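Me: I would like to learn how to read a model of this kind, feature by feature. Could you give me the general idea each time and then the case at hand?

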Amino acid sequence: MQKWEYLQMHVEFSKGKLVATANSKQVFSSEDDAHEVDLIKYLNALGTDGWEMISAQKNEYGFQNYFFKRLLE
């Protein structure tokens with residue numbers, strides 16, 4: 001039987017600042033115009049580390065949640 005580990009990433013953009021947390025720990029923040037570039041780089045790094053996105057949600061306040069899983073070794 002395969003066993004998985006999961007990661008929840010929360011992204012918030014407010015007052016010109018983007019803050020991302022993964023499993024409740026801040027992983028980066030960006031205050032420049034490269035918000036989206038920073039986010040894409042981080043998501044690509046997760047993929048390189050074996051994380052697969054399984055869901056993405058955005059609410060009416062602009063918060064985004066991403067859910068990932070990867071196989072436990």
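Me: To begin with the aromatic side chains, how many aromatic pairs does the count come to?

Reply: The model is a predicted one, and a pair is counted when two ring centres lie within 6.5 Å. By this rule the count comes to 1 aromatic pair. The partners are Phe-28 and Tyr-42, whose ring centres are 5.6 Å apart and whose planes make an angle of 55°, a geometry classed as tilted.

Me: Which parts of the chain does that pair tie together, and are Phe-28 and Tyr-42 buried or exposed?

Reply: Phe-28 belongs to strand β3 (residues 25-30) and Tyr-42 to helix α1, so the pair links parts that are 14 residues apart in sequence. As for accessibility, Phe-28 is buried, and Tyr-42 is buried as well.

Me: Before going further into the interior, what is the order of helices and strands along the sequence?

Reply: The protein has 1 helix and 5 strands, and, read along the sequence, these follow the pattern β-β-β-α-β-β. The C-alpha atoms fill a box of roughly 45 × 25 × 15 Å, taken along the principal axes. Among contacts between residues at least 6 apart in sequence, 38% join residues that are at least 24 apart.

Me: How should I read the core, and which residues touch the most other members of it?

Reply: In soluble globular proteins, nonpolar side chains tend to be buried together. Here the largest nonpolar core has 14 residues, and those touching the most other members are Leu-7, Met-9, Val-11, Phe-28, Leu-39, Leu-46 and Phe-68. Two or more residues of this core come from each of β1 (4-14), β2 (17-22), α1 (35-48) and β5 (64-71), and the largest share, 4 residues, is given by α1. For the protein as a whole, 23% of the 73 residues count as buried.

Me: Taking one member of that core, where does Leu-7 lie, and which residues does Leu-7 touch beyond those up to four places away in sequence?

Reply: A useful habit is to put place, accessibility and contacts side by side. Leu-7 has its place in strand β1, and with a relative accessible area of 9% Leu-7 is buried, because a residue under 20% is assigned to that class. Not counting residues up to four places away in sequence, Leu-7 touches Ala-22, Asn-23, Leu-46, Trp-51, Tyr-66, Phe-67 and Phe-68. The C-alpha atoms of Leu-7 and Glu-52 are separated by 9.6 Å, although these residues are 45 apart along the chain.

Me: Asn-23 is among the residues that Leu-7 touches, so what should I notice about the backbone of Asn-23?

Reply: The sign of phi is worth checking together with the residue type. Asn-23 has a positive phi of about 50° although Asn-23 is not a glycine, and Asn-23 is found in the loop between β2 and β3. Ser-24, which lies in the loop between β2 and β3, also has a positive phi, of about 70°, and is not a glycine either.

Me: Are Asn-23 and Ser-24 buried, partly exposed or exposed?

Reply: Asn-23 counts as partly exposed, at 42% relative accessibility, whereas Ser-24, at 73% relative accessibility, counts as exposed.

Me: How do I read the segment after β5, and which residues is Leu-72 in contact with there?

Reply: The same kind of reading, by place, accessibility and contacts, can be applied. Leu-72 lies in the segment after β5 and counts as partly exposed, at 41% relative accessibility. Leaving aside neighbours within four places in sequence, Leu-72 is in contact with Lys-3, Trp-4 and Glu-5. The C-alpha atoms of Leu-72 and Gly-50, which are 22 residues apart along the chain, are separated by 10.0 Å.

Me: Turning to the helix, is Glu-36 buried or exposed?

Reply: Glu-36 is found in helix α1 and is exposed, with a relative accessible area of 63%. The C-alpha atoms of Glu-36 and Tyr-61, 25 residues apart along the chain, are separated by 17 Å.

Me: Finally, how far apart are the mean positions of the positive and negative charges, and what share of the accessible surface belongs to carbon and sulfur atoms?

Reply: Both values describe the protein as a whole. The mean positions of the 8 positive and 11 negative charges are 6 Å apart. The accessible surface comes to about 5,400 Å², and 48% of this surface belongs to carbon and sulfur atoms.

Notes: Residues numbered from 1 in each chain as written. Predicted model: local features only at pLDDT ≥ 70, side-chain atom pairs only at ≥ 80, totals over all residues. Heavy atoms only, no water. Core = buried A, V, L, I, M, F, W, Y, C linked by side-chain atoms within 4.5 Å. Buried < 20%, exposed > 50% of the residue type's maximum accessible area, 1.4 Å probe, protein only. Contact = heavy atoms within 4.5 Å. Areas by Shrake-Rupley, 256 points an atom, 1.4 Å probe, with all protein chains shown as cover. Lys, Arg positive; Asp, Glu negative; His and termini not counted. Charge placed at Lys NZ, Arg CZ, Asp CG, Glu CD. Phe/Tyr/Trp six-rings, centres within 6.5 Å; stacked < 30°, edge-to-face > 60°.
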